[in-house]
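This report walks through the main sheet, the helices that cover it and the charged pairs of one protein chain. Please keep the sequence and the structure in view while reading.

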Amino acid sequence: MNPLPSESEINRLADNLLGRAGVLGRLPTPVDEIVAAAGLVEPDENVLSPTVFARAPKRIREAVSRIAPKVHAILDRKERAVHISPDHAGAGRPFKVLHEVVHDLLPWQRDLVYADNQDTLSYWCRMQQEREANVGAARLLFQGDFFDRVAGSYVIGMASMIECSERFGSSLRSGLRRYVEGHHGIVAGLVIERSPAAPEPNLAYRRLEAYASQRWVSQIRSPQQWPRNLDAQTWPFLFDIRHMLNVSAASDIVILDRNDAPVNVNVEILDTSYNHLIVLWPDQRQILKRRRRMA
């Protein structure tokens, strides 16, 4: 997707809020303190609880009725309140909360109520206001470029991505995206469906998301140009998924760079029980980096 024209202003407002909250450098990112610094609350009576929703104000019921499927989060600007669905309060909660905070933070977003579901919270959402809220939420959760600096102190790999994500309090899927896109090395990431799109012998998996660092894109073609359905004959690391003994696997493949020269690329795969996360990187100079291994 094309960069947002408002991104620099979003980053400025988010950085100001981080400063007001006094949370820079504190891990995991203190989301509740950011909410408080924004002048918002998470009330005890959550309107997304089934027993409460029927009594919710009309403005909220109308906002929820406009989107489907199930609503994950709501910002009620009038009451200065953020509501997160009890059914979606797991690892993705910090990002959902901060997404609503950014709806309130941006002065050009004026609606009294914002209701968000899986689609509007998606990284690939093309609606401008939702993209803006996602950009700001990532800026808050990963504390500007602090996550990138922490990630850069580790050798590249899945274990490093997991540790950095857990340290900041993000979901692994959000952490993978930030880990890859903000990395100063040559690294790419994929999210693929857990179940194959086609069985063996024509084994294939559907690609849900793909991202790459700037150095990867400058030297190797972006994985966003790869087919939506990846077949295991072309991408043999996919055979490892079908035969993984644990939740992770490691292998390598050979792909062509922008000069059509072969490059050996390391591959690590993680089964999250929702989808498969994949980190790819060629061998590169990594001096004085901290090493991590998956347990």
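## Burial and helix 8

A residue is called buried when its relative accessible area is under 20%, exposed when it is over 50%, and partly exposed in between. The model is predicted, and the burial classes below are to be read with that in mind.

By that criterion helix 8 is mostly covered, with eight of its eleven residues buried. The buried residues are Met 158, Ala 159, Ser 160, Met 161, Ile 162, Cys 164, Ser 165 and Phe 168. Their packing partners are helix 6 (128-141), helix 7 (146-151), helix 9, strand 8 and strand 9, that is, both helical and strand elements. After the helix comes Gly 169, which has a positive phi near 85 degrees.

## The six-stranded sheet

How are the six strands of the open sheet ordered? The order is 6-5-4-9-8-7, and the pairing is antiparallel. Strand 6 (229-231) and strand 7 (248-256) are at the edges with a single partner strand each, so one side of each has no neighbour in the sheet. From one strand to the next, the twist averages 35 degrees.

Within this order, strand 4 (residues 188-193) and strand 9 (residues 275-282) run antiparallel and are joined by six bridges, and Ile 192 stands opposite His 276 of strand 9. Strand 9 is also joined to strand 8 by seven bridges, again in the antiparallel sense, with Ile 269 opposite Ile 278 in strand 9. Strand 8 in turn pairs with strand 7 over nine antiparallel bridges, where Ser 251 faces Val 267 of strand 8. Strand 8 is mostly covered, eight of its ten residues being buried.

## Two hairpins

The hairpin of strand 7 and strand 8 has five residues between the strands, and Asp 260 there takes a positive phi near 60 degrees. In the hairpin of strand 8 and strand 9, three residues lie between the strands, and Ser 273 takes a positive phi near 80 degrees.

## Helices across the sheet

Which strands does helix 8 lie across? Helix 8 (residues 158-168) lies across strand 8 (262-271) and strand 9, and runs at about 45 degrees to strand 8. This placement accompanies the packing described above, in which strand 8 and strand 9 are among the elements that the buried residues of helix 8 pack against.

Helix 9 (residues 172-181) lies across strand 4, strand 5 (204-212), strand 8 and strand 9, and its direction makes an angle of about 50 degrees with strand 5. Helix 9 is also one of the elements against which the buried residues of helix 8 pack.

## Salt bridges

The count of salt bridges comes to 17. One of them pairs Arg 177 with Glu 209, with the closest N and O atoms 4.0 Å apart. This pair links distant parts of the chain, since Arg 177 belongs to helix 9 and Glu 209 to strand 5, 32 residues apart. Are its two partners buried or exposed? Arg 177 counts as buried because its relative accessibility is 11%, and Glu 209 is buried as well, with a relative accessible area of 4%.

A second pair, Glu 193 with Arg 206, has its closest N and O atoms 3.4 Å apart. Glu 193 is in strand 4 and Arg 206 in strand 5, so the pair ties together parts that are 13 residues apart in sequence. Here Glu 193 counts as partly exposed at 29% relative accessibility, and Arg 206 counts as partly exposed at 34%. Elsewhere, Asp 32, Glu 42 and Arg 93 are joined into one network by salt bridges that share partners.

Asp 87 and Lys 70 form a further salt bridge, with 3.4 Å between the closest N and O atoms. Asp 87 is in the loop between strand 2 (81-84) and helix 5 (93-105), whereas Lys 70 is in the loop between helix 4 (58-65) and strand 1 (71-76), and the two are 17 residues apart. Asp 87 is exposed, with a relative accessible area of 57%, while Lys 70, at 44% relative accessibility, counts as partly exposed.

Notes:
Residues numbered from 1 in each chain as written. Predicted model: local features only at pLDDT ≥ 70, side-chain atom pairs only at ≥ 80, totals over all residues. Heavy atoms only, no water. Pairing = 2+ DSSP bridges. Helix = DSSP H or I, 4+ residues; strand = E, 2+ residues; numbered from the N terminus. Axes fitted to C-alpha atoms, helices over the stretch in contact; angles between N-to-C directions. Contact = heavy atoms within 4.5 Å. Buried < 20%, exposed > 50% of the residue type's maximum accessible area, 1.4 Å probe, protein only. Salt bridge = Lys/Arg side-chain N within 4 Å of Asp/Glu carboxyl O.
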